[in-house]
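Q: Could you walk me through the helices here, and explain how each label is earned?

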Amino acid sequence: IEEPVAAGIAFLEEKKGSDLGNEILVFDWGGGTLDIALVERRGDEWILNHDHLEGDLELGGEDIDDSMMAVAEDRLLQNGHSAVTDAYDRDYSQIYRRVVETKKLLSKKGSHSFNHATGNCQFSFACSREEFESVIIKQTTQAMQCVVRWKERAGEKGQSIRNVLLVGGTSQIPVVSRYLKDLG
């Protein structure tokens, strides 16, 4: 079973008895990929409409993590530290982990900061949601371009979608749902 279908079925099972219509658009943006799929009811069964698939196999939350880490590394350099680009470096892994945590927290709150201190590296990092959204504009624009392509291929069907299921951690970033609403 395809991942978008599994997500759609799990959601529908949870909402049994609700009038959700006969179609659900599944917007599945996780750590590694973006999948956009139409799941349709045919009788008592929900199936993936293979004519209405879109996505990007190279666009995931890890790309957003990397963009945020690039900002952290720029700030390290601005503060007179050397870049911590070696993934095996202890400072790098600790800062990377905290940057990913910051990304997740910025989906729930307006700003977040952390301090990192080791013998070699004293570093403070602060980021607002607005700044975060500007850092990830490339990725969110790419994702919305996929939605536009999906809508173009879906034609009239795209206009009748009443429900969009957001799946995956990256889809929980508030700017994503705002952009999806803007696209109708």
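Q: What covers the buried residues of α1?
A: The cover includes strands β1 (23-29), β2 (34-42), β3 (45-56) and β6 (164-167), where contact means heavy atoms within 4.5 Å. This is a predicted model: local features need pLDDT of at least 70, side-chain atom pairs count only at pLDDT 80 or more, and totals for chains, interfaces and linings use all residues. Residues are numbered from 1 along each chain as its sequence is written, and side-chain values use heavy atoms, with hydrogens and water left out.

Q: Which residues of α1 are called buried?
A: They are P4, V5, A7, G8 and L12. Buried means under 20% relative accessible area, exposed over 50%, and partly exposed in between (1.4 Å probe, protein chains only). The buried residues cover an arc of only 165° around the axis, which puts them on the same side of α1; the arc is that of the directions from the helix axis to the C-beta atoms. Exposed E3 and E14 sit on the face turned away from that buried side.

Q: How do you know that the span of α2 agrees with its 18 residues?
A: The expected span is 1.5 Å times one less than the number of residues. For α2 (residues 61-78) that should give 26 Å, and the end C-alpha atoms are 26 Å apart, so the two agree.

Q: What do the buried residues of α2 pack against?
A: They pack against β1, α3 (90-105), β5 (122-128), α4 (129-135) and α5 (137-154).

Q: Why is I137 called partly exposed?
A: Its relative accessible area is 40%, which lies between the two cut-offs, so partly exposed is the right label.

How values were computed: Helix = DSSP H or I, 4+ residues; strand = E, 2+ residues; numbered from the N terminus.
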